Amino acid sequence: MTFEELGVRGDLLRGIAEMGFETPMPVQEKVIPVLLNGDHDMVALAQTGTGKTAAFGLPVIQRVDTKHRVPQALILAPTRELCLQIAGDLADFSKYTDGLVVLPVYGGSSIESQIRALKQGVQIIVATPGRLIDLINRGVVKLDDVHTVVLDEADEMLNMGFVDSINDILAHVPDDRKMLLFSATMPAEVAKISKRFMHNPEEIVIGTRNEGAKNVRHIYYMVNAKDKYLALKRIADDSPNIYAIIFCRTRRDTQEIADKLIADGYNADALHGDLSQQQRDMTMKKFRDRVTKLLVATDVAARGLDVDDLTHVINYGLPDDTAVYIHRSGRTGRAGKTGISVAIIHSREKGKLREIERIIGKKFERKEVPTPQHIIEKQLYNLADRLERVEVPESEIEQYLPGVLRKLAWLSTEDLLKRVLSLEFNRLLEYYKDAPKIDFIDEKPSRDRDRKSKDRAPRSDKDKDRRTAEKGMARIYINAGKDDGFYAGNLIDLLNKNIHGQRVDVGRIDLMPGYSLFDVKKGDAHRVVSALKGLDFFGKRIFSEIADAERNYAAASSRKGKASAKSSKTTNPRKKK
């Protein structure tokens, strides 16, 4: 099937042909006819990199009446970066469409200039929820003529706590508009939005629900926790042409790992929420231009970073939420290319790995951390390959050859080759000269009686580290978890809305099915607990407390949060039996 057979208009065919589009991708074949001709809404479950932007962008442009300069289509995206990317793609698609105006609307940029553009008239608005709400409240955005609404990466928007904003925005568009919701996964909150705002939506699934990208190979290395950074460097050294994002859980870990890599001579940089918007833009530009080969990032900071040619995604530890892993791994293996998703784990993360395998329907391959000998051999072969392929400007270099040949005439071919290799690899050879093989943790159960006893220990003892805060922090319990559609973004949103005064910094977050645990500075703990108690989260009454390292919260949550329902009584809900 061709784009023309799908019903795409001539001016758009001309634009996408110049961009190299030849045949439609599966998501485009399914979505374009529905948006052009169908009379129902659609939920599309598809990974990043499957051609989603063209799938909704081409029919959205085609349905716009360019004679009327009023907003007719609205596209919501979770981040500034994705907002700009979508707007840029629409501009490229519509290169030969006269009179079309696409406006990206996002925070971190001058709201006055966006207001001026809106007053001049636009037909398509691509927006982040927060800035669009601000413009609606100022009365400068009218959505009365919007006939098409697209929610791109809906699960990411909900993870970032935009559920209230989305509900507010959708209340301002006509009831008879056509709506398309794109999501890589289908958590409960996405389903709620679909049920509330969509009219008998058709669901299409590109691949399988919640599966990882098809062209991605999933592998893991199991090492002692203290050896994670050494394993990371060896993985990078074993892939001479690596171009990767390394995902860390916290801002602090992200900056520390990036600083270590830079100090060790790698082309690395950090991307996290403590950077200014200007710093983030510069960091991402260097990464897209391949000046930086290793980008160490948090999940929130990397959202919207659109790069097609990543060779690896490296998980410096696994996320608690499988949907987050699906998003991470989906950043490689895009546009028909292959990629590798790597997990560097220790023994306590083995359960998470098996849960991810179950949900994505794929097995992880266990690999041994590359040995020094293997790394050096790989690097040497890569240099040999580069020497074979290098372009030699014969005419320019010919004049210098006689003098150089006289200078090196006393060297044999083997001696010359040794010197070339040593010049390139002395640092690597010196570093790995006496490097040991990294110890691996034995995954097989020990026959030792004490080990058996430990393996049979209650889950509350095995998970005690989850209930223990990092140094200088306090661990907070909240009775909402993934089964409630509660994710990190919802937690941050609750804190931002209900804690007044000095900002609270959140550290490690552990999301469990029936509850969550997170770290804050000790001095903020009581303020956070007080602010969260009694709040409403979609009909669930919130209860929070400073976590008790000895309490089995998993067992407590399985009793359906009875302690939270009795929070109005004076009895201490943490009282032990």
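## Accessibility and the predicted model

A residue is termed buried when its relative accessible area is under 20%, exposed when that area is over 50%, and partly exposed in between. Arg 527, at 29% relative accessibility, therefore counts as partly exposed. The structure described here is a predicted model, and the terms above are applied to its residues throughout.

Asp 524 is the salt-bridge partner of Arg 527, with N and O atoms of the two side chains 3.2 Å apart. Asp 524 has a relative accessible area of 13% and is therefore buried. This salt bridge thus joins a partly exposed arginine to a buried aspartate.

## Salt bridges

The model contains 27 salt bridges. One of them is formed by Arg 251 and Asp 274, whose closest N and O atoms are 2.9 Å apart. The two residues belong to distant parts of the chain, 23 residues apart: Arg 251 is in helix α11 (residues 251-263), while Asp 274 is in the loop between β10 (268-271) and α12 (277-288). Arg 251 has a relative accessibility of 35% and is classed as partly exposed, whereas Asp 274, at 51%, is classed as exposed.

A further salt bridge pairs Glu 357 with Lys 363, and here the closest N and O atoms are 3.5 Å apart. The two partners fall into opposite classes. Glu 357 is buried because its relative accessibility is 7%, under the 20% cut-off. Lys 363 is exposed because its value of 63% is over 50%.

Salt bridges also link residues into a network, whose members are Arg 249, Arg 475, Arg 508, Asp 510 and Asp 519.

## Strand β8 and its partners

Strand β8 covers residues 216-222, and six of its seven residues are buried, so the strand is largely enclosed by the rest of the structure. One pairing partner of β8 is strand β13 (residues 339-345), to which β8 is joined in the parallel sense by seven bridges. Within this pairing, Tyr 221 lies opposite Ile 344 of β13.

Strand β8 is also parallel to strand β14 (residues 365-366), and two bridges connect them. Ile 219 stands opposite Glu 365 of β14. In a regular strand, the side chains point alternately to one face of the sheet and the other.

## The surroundings of Thr 97

Thr 97 is located in the loop between α4 (80-93) and β3 (102-105). Although in a loop, Thr 97 has a relative accessibility of 10% and therefore counts as buried.

The side chain of Thr 97 makes a polar contact of 2.5 Å with the side chain of Asp 11. Beyond its neighbours within four places in sequence, Thr 97 is in contact with Arg 9, Asp 11, Leu 12, Ile 61 and Thr 66. Asp 11 thus appears both as the polar partner of Thr 97 and in its list of contacts.

## Cysteines

A disulfide is a covalent bond that connects the sulfur atoms of two cysteines. The number of disulfides in the model is zero, as no pair of cysteine sulfur atoms meets the criterion of lying within 2.5 Å.

Two cysteines may be described by their accessibility. Cys 83 has a relative accessibility of 0% and is therefore buried. Cys 248 is likewise buried, at a relative accessible area of 1%.

Methods:
Residues numbered from 1 in each chain as written. Predicted model: local features only at pLDDT ≥ 70, side-chain atom pairs only at ≥ 80, totals over all residues. Heavy atoms only, no water. Buried < 20%, exposed > 50% of the residue type's maximum accessible area, 1.4 Å probe, protein only. Helix = DSSP H or I, 4+ residues; strand = E, 2+ residues; numbered from the N terminus. Pairing = 2+ DSSP bridges. Polar contact = N/O pair within 3.5 Å; in protein donor to acceptor, adjacent residues only side chain to side chain. Contact = heavy atoms within 4.5 Å. Salt bridge = Lys/Arg side-chain N within 4 Å of Asp/Glu carboxyl O.
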